[in-house]
Amino acid sequence: MIWLHFIGKKYYTINAFVKEAEKIGISRRIDIKRLKNMNWGDTIYLFQGDSKGSVLFGFFKLNNIYGIPSEAVRNLVEKGKISLSSSSDIGKKIERGCGEYIITASYVCNSSLTIKEILEEIEKLGLKKLNLLIGGSFFPHERIKSKIPFQQGFRKFDYEGFIRAYRNQGNNKRVKGQFYIDEEIPEDPELTDQTQKNKIIEIEDYQKK
């Protein structure tokens, strides 16, 4: 599935976000209700608003989930769904423009583990407050100006329709329309990153700025 997500101007310029993401990857807060609709490998296109609309500038694949409660992680390990991985980032404090946290462990998911199964383990715990984040490696995109207004969270996105409109109306104009959708749109196979392993990353001391 394909999604649209805005990077707020309160903490980042586009160039500052790109510099950070290229150095330490991406992690973005997400509500568990929205995460239920996502799958490993989903593409999230990144926009930022400007004075006349917004700008598409990059994307990432959903390969990492951060902030899974430790008890849920232990249950997934016991079921053989994830395995501890060696990582030089363990114990590292990650400082971002929008927040910070410490990485305490990293686990590789087996190929059959779905996000739905992970969330089911979390829901068994009955926790009321969660600091979940999703992330992956940053990929730059040709910068395209649009009329899509800023909106928080993640929205299903008609990327193919967006690009088609961009090509049809000329490169120097802003793409008109919002391109939000309710149904699924097939993934562009050329954008699929086949090299990344899906991971669960435990964190602590999460602080939102």
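This is a short talk about one predicted model, starting from a strand called S8 and moving out to the pockets and a few single residues.

Let me begin with S8 itself. Strand S8 covers residues 99-109. Is it mostly covered or mostly open? Mostly covered: nine of its eleven residues are buried. As general background, side chains in a regular strand alternate between the two faces of the sheet.

Now the partners of S8. Strand S6, residues 82-84, runs antiparallel to S8, and three bridges join the two. If you want a place to look, find Ile82, which stands opposite Cys109 in S8.

Next comes strand S7, residues 93-96. S7 also pairs with S8 in the antiparallel sense, here over four bridges. Ile94 stands opposite Tyr101 in this pairing. How many residues does the hairpin between S7 and S8 run through? Two residues link S7 to S8 there.

Then there is strand S12, residues 199-208. Eight bridges join S12 to S8, and the two strands are antiparallel. One pair to find on screen is Ile103, whose bridge partner in S12 is Ile203.

Let me stay in S8 for one residue, Glu100, which is part of that strand. Is Glu100 buried or exposed? Its relative accessibility is 18%, and the cut-off for buried is under 20%, so Glu100 counts as buried. The side chain of Glu100 makes a polar contact of 3.3 Å with the side chain of Lys93. Leaving aside neighbours within four places in sequence, Glu100 is in contact with Lys93, Ile94 and Glu95, and also with Asp205, Tyr206, Gln207 and Lys209.

Asp205 is worth a stop of its own. This residue is in strand S12. Asp205 has a positive phi of about 55°, although it is not a glycine. For context, most residues other than glycine have a negative phi.

On to the pockets. The largest pocket holds about 850 Å³ of space. It is lined by 35 residues, and those closest to its centre are His5, Arg29, Ile30, Gly153 and Lys208. Which elements each supply at least two residues of this lining? They are strand S1 (2-6), strand S2 (26-29), helix H2 (32-35), S8, helix H4 (115-123) and S12. By class, the lining of the largest pocket divides into 15 nonpolar, nine polar and eleven charged residues.

The second largest pocket has a volume of about 370 Å³. Its lining has 20 residues, and Ile24, Asn64, Tyr66, Asp89 and Ile201 lie nearest its centre. Helix H1 (14-24), strand S5 (64-66), S7, S8 and S12 each supply at least two residues to this lining. Which element gives the most to the lining of the second largest pocket? That is S8, with three residues. The classes in this lining are seven nonpolar, eight polar and five charged.

Helix H4 came up with the largest pocket, and one of its residues is Lys116. Lys116 is exposed, with a relative accessible area of 59%. The cut-off for exposed is over 50%, so the label follows from the value. The C-alpha atoms of Lys116 and Gly67 are separated by 15 Å, while the two residues are 49 apart along the chain.

Last, helix H5, residues 159-169. Which residues of H5 are buried? Tyr159, Gly161, Phe162, Ile163, Ala165 and Tyr166 are. In general, an α-helix has 3.6 residues a turn, so residues three or four places apart point the same way. Among the elements that cover the buried residues of H5 are S1, strand S3 (43-50), strand S4 (53-61) and strand S10 (138-146).

Just after H5 comes Gly170, which takes a positive phi of about 100°. Further along, in the loop between H5 and S12, is Phe179. Phe179 has a positive phi of about 60° although it is not a glycine. Is Phe179 buried or exposed? Phe179 is buried, at a relative accessible area of 18%.

To recap, S8 pairs antiparallel with S6, with S7 and with S12. S8 also supplies at least two residues to the lining of the largest pocket, and three to that of the second largest. That is the end of the talk.

Notes: Residues are numbered from 1 along each chain as its sequence is written. This is a predicted model: local features need pLDDT of at least 70, side-chain atom pairs count only at pLDDT 80 or more; totals for chains, interfaces and linings use all residues. Side-chain values use heavy atoms; hydrogens and water are left out. Buried means under 20% relative accessible area, exposed over 50%, partly exposed in between (1.4 Å probe, protein chains only). A polar contact is a pair of N or O atoms within 3.5 Å; within protein, one must be able to donate a hydrogen and the other to accept it, and residues adjacent in sequence count only if both atoms are side-chain atoms. Contact means heavy atoms within 4.5 Å. Two strands pair if DSSP finds at least two bridges between them. On a 1 Å grid over the protein atoms alone, a cavity is a set of points where a 1.4 Å probe fits but cannot get out, and a pocket is an open set with protein on both sides within 12 Å along at least five of seven lines; lining residues have an atom within 4 Å of a point. Grid points are joined across faces, edges and corners, and a volume is the space filled by probe spheres set on the points. Ala, Val, Leu, Ile, Met, Phe, Trp, Tyr, Cys and Pro count as nonpolar, Asp, Glu, Lys and Arg as charged, and the others, Gly among them, as polar.
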